[in-house]
Amino acid sequence: MNTTIVTTDAEALPARVPAAASRRQGSTWDFWGRVLVLPYLAVFVVFVVYPVGYGLWLARHPSSYEHLFADPIFFRTALNTVVFLVVAINIKMAIALLLSGFFVQGRWWIKALSVLFILPWAVPSIPTILSVRFMLNPEWGVINSLIFRLTGLDGPNWLNEPSLALSFSMVMHVWKSLPFWTLILVAGRMAIPAEQYEAAAVDGASGWQKFRFITWPSMRTLYLTSLILSMIWTLGDFNSVYLLTGGGPADLTHVLATLGIRYLRLDQVDLAMAAIVVALPLVLPLVYFMMKRLSK
């Protein structure tokens, strides 16, 4: 005997009502999601898009770049910037990699020492760098005063020699930002499973072999990404140079970030913007390589 099941509209209605309610709820969430994003977009447009666009508009004239390239300080500044990036960044990241192996240990005194180690990065730049500048003062600085007491001789004018002043600026940059990158690499080391080191120890691997075959392959991507990101940030960092040397002596220790400040003080806004725009050929490849590394 065949039985025919007849479904009425009233019986099918309860199945359609939850679907319709779900669509309405989803559209409500979409609406409020867009509304809550609007303040962020407004802040982004006002404080990022508009300043960048206005700066590019100010630097749109070819004559600004002609005047910039005609300034002999610009080429010295470009050279200083390249030296700063190549030397300071690589030294900083190499030391951070070594120190990360030290601070990853679980001894209590190492943990206490790490609190002191992070202080240069945690303390604001202005008081710390200016205090070092006062220490290097040739007349009443702590360093030259100590040299005079010990030897009876006057100490050198530390910041009056361009190469020495730039070297001190790089030392300040390394000292100030080293704790941050060390902590990043410590986190990378802590993510490596301890079982790998235990198995290597059973096989008789030395400390160097553990680093070569376990630590470095696991941290290589993090290290290279941190290296590139540090270069990008350093291109826009003017504290280490401007607060310590002010670009002196004779404007010979400027980097691109501080050169723009110099032109602003001279009321040459177009040259200041041009000095910032010419850094883009350095920034954009670094951003590209960093994103390429992250996408792997």
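At what angle do H12 and H13 pack, and how far apart are their axes? I started my notebook on this predicted model with that one.

**Entry 1: H12 against H13**

I looked up the pair and got an angle of about 175 degrees, with the axes 7 Å apart. Angles over 145 degrees count as roughly antiparallel, so H12 and H13 get that label. On the H12 side I find Leu-256, Leu-259, Gly-260, Tyr-263 and Leu-264 in the contact, and on the H13 side Val-269, Leu-271, Ala-272 and Ala-275. I sorted these by class and got 8 nonpolar, 1 polar and no charged residues.

**Entry 2: the largest pocket**

Next I went for pockets. The largest one holds about 470 Å³ of space. It has 20 lining residues, and those closest to its centre are Met-273, Ile-276, Val-277, Ala-279 and Leu-280. Which elements give two or more residues to this lining? I noted helix H1 (9–58), helix H10 (207–235), helix H12 (256–265), helix H13 (269–277) and helix H14 (280–294). H12 gives the most, with 5 residues. So H12 turns up again, having already met H13 in the first entry. The class tally for this lining is 17 nonpolar, 3 polar and no charged residues.

**Entry 3: the second largest pocket**

I then moved to the second largest pocket, at about 240 Å³. I count 15 residues in its lining, with Trp-121, His-173, Lys-176, Ser-177 and Asp-237 the closest to its centre. Helix H6 (125–135), helix H8 (162–190), H10 and helix H11 (239–242) each give two or more residues here. Which helix has the largest share of this lining? My answer is H8, with 5 residues. By class I wrote down 5 nonpolar, 7 polar and 3 charged residues.

**Entry 4: H6 against H8**

Since H6 and H8 both line that second pocket, I checked how they pack. Their axes come within 12 Å and cross at roughly 140 degrees. That makes the two helices oblique to each other, because the roughly antiparallel label is kept for angles over 145 degrees. The crossing of H6 past H8 is right-handed. Ser-125, Thr-128, Ile-129 and Val-132 come from H6, and they meet Met-172, Trp-175 and Lys-176 of H8. I get 4 nonpolar, 2 polar and 1 charged residues in this contact. Lys-176 is in the contact and is also one of the residues closest to the centre of the second largest pocket.

**Entry 5: H3 against H10**

I went on to H10, which also lines both pockets. How do the axes of H3 and H10 cross, and within what distance do they come? They come within 10 Å and cross at roughly 145 degrees. The crossing is right-handed. From H3 (72–103) I listed Thr-81, Phe-84, Leu-85, Ile-89, Asn-90, Lys-92, Met-93, Ala-94 and Leu-97. From H10 I listed Phe-211, Trp-216, Met-219, Tyr-223, Ser-226, Leu-227, Ser-230, Met-231, Thr-234 and Leu-235. The contact has 13 nonpolar, 5 polar and 1 charged residues.

**Entry 6: the cavity**

How many cavities of 30 Å³ or more are there? I found 1, and its volume is about 70 Å³. Its lining takes in Thr-81, Phe-84 and Leu-85, then Thr-234, Leu-235, Asp-237, Ser-240 and Val-241, and finally Val-255, Leu-256 and Ala-257. The elements giving two or more residues are helix H3, H10, H11 and H12. H3 gives the most, with 3 residues. I noted 7 nonpolar, 3 polar and 1 charged residues in this lining. Some names come back from earlier entries: Thr-81, Phe-84, Leu-85, Thr-234 and Leu-235 are also in the H3 and H10 contact, Leu-256 is in the H12 and H13 contact, and Asp-237 is one of the residues closest to the centre of the second largest pocket.

**Entry 7: the loop between H11 and H12**

Last, I looked over the backbone. Most residues other than glycine have a negative phi, and most peptide bonds are trans. Where does the cis peptide bond sit? I see it joining Gly-248 and Pro-249, with omega about 0 degrees. Pro-249 lies in the loop between H11 and H12. Asp-251 has a positive phi of about 60 degrees, though it is not a glycine. Asp-251 is also placed in the loop between H11 and H12.

Note on methods:
Residues are numbered from 1 along each chain as its sequence is written. This is a predicted model: local features need pLDDT of at least 70, side-chain atom pairs count only at pLDDT 80 or more; totals for chains, interfaces and linings use all residues. Side-chain values use heavy atoms; hydrogens and water are left out. On a 1 Å grid over the protein atoms alone, a cavity is a set of points where a 1.4 Å probe fits but cannot get out, and a pocket is an open set with protein on both sides within 12 Å along at least five of seven lines; lining residues have an atom within 4 Å of a point. Grid points are joined across faces, edges and corners, and a volume is the space filled by probe spheres set on the points. Helices (H or I, at least four residues) and strands (E, at least two) are DSSP runs, numbered from the N terminus. Ala, Val, Leu, Ile, Met, Phe, Trp, Tyr, Cys and Pro count as nonpolar, Asp, Glu, Lys and Arg as charged, and the others, Gly among them, as polar. Axes are lines fitted to C-alpha atoms, for helices over the stretch in contact, and angles run from 0 to 180 degrees between N-to-C directions. Angles under 35 degrees count as roughly parallel, over 145 as roughly antiparallel, 65 to 115 as roughly perpendicular and the rest as oblique. A crossing is left-handed if the near helix is turned anticlockwise from the far one by less than a right angle, and right-handed if clockwise. Contact means heavy atoms within 4.5 Å.
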